[in-house]
Amino acid sequence: MAKQFFIPRGTSDILPSEIPFWQALENTARTICRLYGYQEIRTPIFEETELFARSMGQTSDVVQKQMLRVLAGPRDFQETLQNSEDSLAGVLRPEGTAAIVRSYIENDFDKRESLSKLFYMGAMFRGERPQKGRLRQFHQIGVEAIGPSSSSPYLDADVIALSVNLLKACGLTNFKLKINTLGTLENKKAFYELLKRKLQPQLTELCEDCQQRFERNVLRILDCKNEKCRTIVRQTSFGRDWLTQDSQNYFNAVKQALDMLNIVFEDDPYLVRGLDYYTHTVFEISDSSLGSQDALGAGGRYNNLVSELGGPQVDAVGFALGMERILLAQQGKNKPCDSFIDVFIIAMDAQYTKNAFLLLQEVRRCNLSADMSYQAGSLKSQMRLANKLSARFVMILGEDEIKNQEVTLKNMQNGMQEKIALNSIREKLDKLKIER
Ligand code: HAM
């Protein structure tokens, strides 16, 4: 027997029955992003490895453990695997931000506009241990506002409001927004020093990972999920004195702007995010109904990333939402009710299949979606098929209809039937289109 193949672990097929939910989410995202003045951008699915290593941080979990390599080269595949050094083409993108920044720099966006507002949707890849809500191939909706005139607390608030309103437009209400500030790069350095001083006495009580984090990137200890580490962190108060006055003022202005928009948030001084590029505002949106992987999305400001990746010194802010997690949180609440098809055509006998086939083309020429059973079965089985496709109308062609040059049109919502002369069918179809 031939070998059967299975889907790679941590990925999923999005089956036709799920597509309406994805499309509804994509449509909502496009509408809301445009409402806020963002334009769509699409970048490749793989990029140079270093792009992510330098932006997300060498010590981040994603870069250390989760990058999925793309191998390519002139050698044959076995050799390529053994000689990965010179044949490494890059990695599958684990996130969108660094790729958008790479494109922003490469395409000289800063020379054309003082603020580039870009949004994206697509597959991201992280070699994580799969579980509910945590995949190796997942999808994000993200926005990035980049440019010389992006430095305003109103923009931070607007970006946060966009993420919140997008989730509300998806029918979600039970999520929580947490925000914090990390200040400038210099403030962050002062914060590292303070954390080290405060955590040093309990160093040996921290988990093994955190003991390493203490040396390599102490900020990550605040993100550790280990209960003991969490308790130690929560019992330690860091205050916000390590922030300069300007940074404190900036954060206060962001919070005031959120208040003005009636966006409810929690100011959480322990929120740091797992990626290195953030400065000033960081935020996270979670939904407890999701279980352990409860982050619906996250984002923040990254004022140094563009210059660190070789571009001009311009500020930026953005976020990304996990699409699978939004759909999980919706749990079918937002069932899209659009009919899948406008007209289903039924031939009552195999000899009328040809007439039905021609009528099918005529309906489609009128810009109405149409389908038929290509092998005429019983009326009952064809009606079942029409129902399965959620057809709005059924057109029936039987002996009488063919003789009288007409079709029977059945409205599947109210059950009403009428006969339509074939020579007035176009007129009728145009009317159906208007009523759609
Ligand atoms: P992130 O927190 O790594 O941020 O990911 C954002 C969201 O993507 C998460 O909150 C989650 O909903 C979803 N996500 C992440 N990993 C997985 C996974 N393995 N399976 C399913 N969903 C996942 C970023 O990616 C930043 N680029 C956000 C950003 C944009 N910051 C500024 N601009």
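Which residue in β11 is the bridge partner of A298? In this predicted model, the partner of A298 turns out to be A320. That pairing is a handy way into the sheet, so to speak, and the sheet is a good place to begin.

Eight strands make up an open sheet with mixed pairing, and going across it the order reads β1-β5-β6-β11-β10-β9-β7-β8. The edges belong to β1 (39-40) and β8 (266-267), each of which pairs on one side only. Moving in from β1, strand β5 (residues 116-125) lines up with strand β6 (residues 137-147) in the antiparallel sense, and ten bridges link the two. Along this pair, F125 sits opposite Q137 of β6. Helices lie against the sheet as well: α1 packs on it and touches β1, β5 and β6, with a direction at about 160° to that of β5. Helix α8 (residues 153-169) also packs on the sheet, where it touches β6, β7, β9 (279-286), β10 (295-301) and β11 (315-322). The direction of α8 makes about 15° with that of β11.

Strand β11 deserves a closer look. On one side, β11 runs antiparallel to β6, and eight bridges join them; here I146 has A316 of β11 as its bridge partner. β11 also pairs with β10, again in the antiparallel sense, this time over five bridges. Is β11 enclosed or open to the outside? Eight of its eight residues are buried, so the strand is largely enclosed by the rest of the structure. In a regular strand, side chains alternate between the two faces of the sheet. In β11, D315, V317, F319 and L321 point one way, while A316, G318, A320 and G322 point the other way, and all of them are buried.

One of those residues, L321, shows up again from the helix side. L167 lies in helix α8, and L321 is among the residues that L167 touches once those up to four places away in sequence are set aside; the others are L172, F175, I285, L296 and I326. L167 counts as buried because its relative accessible area is 0%, under the 20% cut-off. L167 and A29 are 138 residues apart along the chain, yet their C-alpha atoms are separated by 9.0 Å.

Next come two helices that pack on each other. Two packed helices are described by the angle between their axes and the distance between the axes. For helix α1 (residues 19-35) and helix α14 (residues 323-330), the angle is about 110° and the axes are 11 Å apart. That makes α1 roughly perpendicular to α14, and the crossing is right-handed. The contact brings F21, W22, L25 and E26 of α1 up against M323, E324, I326 and L327 of α14. Sorted by type, the contact residues come out as six nonpolar, no polar and two charged. I326 thus has a part in this helix contact, and I326 is also touched by L167.

A last stop is L182, found in the loop between β7 (176-181) and α9 (185-199). Is this loop residue buried or exposed? L182 is buried, since its relative accessible area is 1%. Leaving out neighbours within four places in sequence, L182 is in contact with N187, K188, W242, L243, L271, V272, Y278, H280 and V282. One of these, W242, is 60 residues from L182 in sequence, with 9.6 Å between the two in space, C-alpha to C-alpha.

Technical notes. Residues are numbered from 1 along each chain as its sequence is written. This is a predicted model: local features need pLDDT of at least 70, side-chain atom pairs count only at pLDDT 80 or more; totals for chains, interfaces and linings use all residues. Side-chain values use heavy atoms; hydrogens and water are left out. Axes are lines fitted to C-alpha atoms, for helices over the stretch in contact, and angles run from 0 to 180 degrees between N-to-C directions. Helices (H or I, at least four residues) and strands (E, at least two) are DSSP runs, numbered from the N terminus. Angles under 35 degrees count as roughly parallel, over 145 as roughly antiparallel, 65 to 115 as roughly perpendicular and the rest as oblique. A crossing is left-handed if the near helix is turned anticlockwise from the far one by less than a right angle, and right-handed if clockwise. Contact means heavy atoms within 4.5 Å. Ala, Val, Leu, Ile, Met, Phe, Trp, Tyr, Cys and Pro count as nonpolar, Asp, Glu, Lys and Arg as charged, and the others, Gly among them, as polar. Buried means under 20% relative accessible area, exposed over 50%, partly exposed in between (1.4 Å probe, protein chains only). Two strands pair if DSSP finds at least two bridges between them.
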